[in-house]
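Q: Please take a close look at one helix near the start of this chain. What does it pack against, and how do its residues divide between inside and outside?

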Amino acid sequence: MNKLSIVVPCYNEQETVNIFYRETTKVVDAMKMDYEIIFVNDGSRDKTLEELTKLHDAHPEHVIVIDFSRNFGKEGALLAGLESATGNYVTVMDADLQDPPEYLPKMFTVMNEQHVDIVGTRRVTRKGEPKIRSFFARQFYKLINKFTEVEIVDGARDFRLMTRPVVDSVLSLQEYHRFSKGIFAWVGYKTVYLEYENVERVAGETSWSFWKLFAYAIEGIVAFTVAPLRMATIFGILVSIIAFLYMLFVFGKALIIGDPVAGYPSMVVIILFLGGIQLLSLGIIGEYLSKTYMEAKKRPKYIIRKKYEQQKEEC
């Protein structure tokens with residue numbers, strides 16, 4: 001019998017987890033298939049864990065709760081959920097119901113009819129988001145797709161239905177700094193995207209600030225392309241050529257006119273410009289070096305404080 005594993009990362013979602021469970025189980029029960037819902041409590045500071053343990057106690061046959069020792073970030077929570085999933089079909093969903101559970105039957109239909117391995121979702125509108133966030137999000141996708149070897153679809157959500165081989169391939173990538181949108185694209189497989197309009201949170205507030213999203217974007221760019229390093233090299237070559245030509249100009253002017261003091265303001269501007277380029281290049285190199293440093297440490301991507309699951313009967 002087919003089994004669906006639903007992975008749900010949670011951070012301060014005390015107001016949404018019960019609503020999510022109620023709405024999602026309505027859909028999955030109607031699909032008449034076995035399922036498990038894996039909630040990963042990512043170091044929540046509210047009563048999320050308390051609400052999740054209540055759900056587990058009431059529905060131990062369907063609800064698994066993984067409680068982290070602290071907040072490790074959504075990528076760590078997503079990885080822990082995927083590693084615990086036992087179904088031959090796996091989906092990732094947000095607890096705030098911005099990923100509509102009513103799309104699950106349609107996703108199964110598309111997967112079976114078109115014989116694909118992944119059915120993803122993408123937002124065609126960003127209604128309800130701040131305009132500046134939407135603008136930078138679109139620019140991020142344009143930028144990263146110019147430099148990466150795989151296409152990361154604009155507006156794509158983590159909400160997707162995957163077959164077991166896809167999940168196993170995703171889990172085979174063991175890098176410390178993970179960017180799931182890029183990983184899902186990198187592993188390949190036949191993929192179809194379903195489009196839908198943006199859905200606002202059912203309750204509570206998002207924990208993703210503009211700066212967190214910005215840092216996540218930098219993480220994705222560094223994780224999936226070395227283009228910034230190449231750009232730093234190209235900038236260095238171009239600036240060196242310009243500096244050399246300007247040096248010849250200043251030297252020639254000093255010989256002919258003999259007035260080096262007049263060029264003081266422009267010299268200051270050039271020095272500041274060169275210094276800025278150098279700092280930018282060092283910053284780019286530092287980003288890649290820091291990622292290499294963290295990979296070399298071999299630290300775990302998350303630590304589980306406790307796992308709540310139904311005890312298997314011993315034979």
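A: What follows goes through helix H2 and then sets it beside other parts of the chain.

This is a predicted model. The chain has 10 helices and eight strands. H2 covers residues 48-58.

Begin with the inner side of H2. Its buried residues are Thr48, Leu49, Glu51, Leu52, Thr53, Leu55 and His56. They pack against one helix, H1, and four strands. The strands are S1 (3-10), S2 (34-41), S3 (63-68) and S8 (304-308).

Now the helix partner. H1 spans residues 17-31. The axes of H1 and H2 come within 9 Å. They cross at roughly 35 degrees. On the H1 side, the contact uses Val17, Asn18 and Tyr21. On the H2 side, Thr48, Glu51, Leu52 and Leu55 take part. By class, the residues of this contact are four nonpolar, two polar and one charged. The four H2 residues in the contact, Thr48, Glu51, Leu52 and Leu55, also appear among the buried residues of the helix.

Next, the residues of H2 with more accessible area. Glu50 and Lys54 form a salt bridge. The closest N and O atoms of the pair are 3.6 Å apart. Glu50 and Lys54 are four residues apart in H2, so about one helical turn separates them. Glu50 counts as partly exposed because its relative accessibility is 38%. Lys54 is partly exposed too, with a relative accessible area of 46%. In general, side chains of opposite charge can pair when their charged atoms come close.

Asp57 also belongs to H2. Asp57 counts as exposed, because its relative accessibility is 59% and the cut-off for exposed is over 50%. In sequence, Asp57 and Glu309 are 252 residues apart. Their C-alpha atoms are nevertheless separated by 9.2 Å.

That pair can be set against the whole chain. Take the contacts with a separation of 6 or more: 83% of them join residues 24 or more positions apart. Buried residues make up 46% of the 315 residues. The accessible surface comes to about 17600 Å², and carbon and sulfur atoms hold 60% of that area.

The salt bridge in H2 has company. The structure holds 12 salt bridges. One of them joins Asp168 and Arg164, with the closest N and O atoms 3.3 Å apart. Asp168 and Arg164 are four residues apart in helix H6 (residues 164-172), so they too are separated by about one helical turn. Asp168 is partly exposed, with a relative accessible area of 41%.

Another salt bridge reaches across the sequence. Lys74 pairs with Asp158, and their closest N and O atoms are 3.3 Å apart. Lys74 lies in helix H3 (residues 74-84) and Asp158 in strand S6 (residues 156-163), so the pair ties together parts 84 residues apart in sequence. Lys74 is partly exposed at a relative accessible area of 24%. Asp158 counts as buried because its relative accessibility is 8%. Both residues belong to a network of salt bridges that also links Asp94, Asp99 and Arg157.

Two loop residues deserve a check of their backbone angles. As a rule, most residues other than glycine have a negative phi. Leu97 has a positive phi of about 65 degrees. Leu97 sits in the loop between strand S4 (89-92) and helix H4 (104-114). Leu97 is buried, with a relative accessible area of 13%. His115 also has a positive phi, near 55 degrees. The place of His115 is the loop between H4 and strand S5 (118-123). His115 is exposed, with a relative accessible area of 62%.

Last, two later helices. Ile237 lies in helix H9 (residues 227-256). Ile237, Ile241, Leu245 and Leu248 make a nonpolar surface patch of about 380 Å². Glu287 is in helix H10 (residues 264-297). Glu287 counts as partly exposed, at 31% relative accessibility. Glu287 and Pro228 are 59 residues apart in sequence, and their C-alpha atoms are 10.0 Å apart in space.

Back to H2, in brief. Its buried residues pack against H1 and strands S1, S2, S3 and S8. Glu50 and Lys54 form a salt bridge. Asp57 counts as exposed.

Key
Residues are numbered from 1 along each chain as its sequence is written. This is a predicted model: local features need pLDDT of at least 70, side-chain atom pairs count only at pLDDT 80 or more; totals for chains, interfaces and linings use all residues. Side-chain values use heavy atoms; hydrogens and water are left out. Axes are lines fitted to C-alpha atoms, for helices over the stretch in contact, and angles run from 0 to 180 degrees between N-to-C directions. Helices (H or I, at least four residues) and strands (E, at least two) are DSSP runs, numbered from the N terminus. Contact means heavy atoms within 4.5 Å. Ala, Val, Leu, Ile, Met, Phe, Trp, Tyr, Cys and Pro count as nonpolar, Asp, Glu, Lys and Arg as charged, and the others, Gly among them, as polar. Patches are made of residues with over 30% relative accessible area and no salt bridge: like charges are joined within 9 Å, nonpolar side chains (Val, Leu, Ile, Met, Phe, Trp, Tyr) within 5 Å. Accessible areas come from the Shrake-Rupley method with a 1.4 Å probe; for residues, only the protein chains shown count as cover. A salt bridge is a side-chain nitrogen of Lys or Arg within 4 Å of a carboxyl oxygen of Asp or Glu. Buried means under 20% relative accessible area, exposed over 50%, partly exposed in between (1.4 Å probe, protein chains only).
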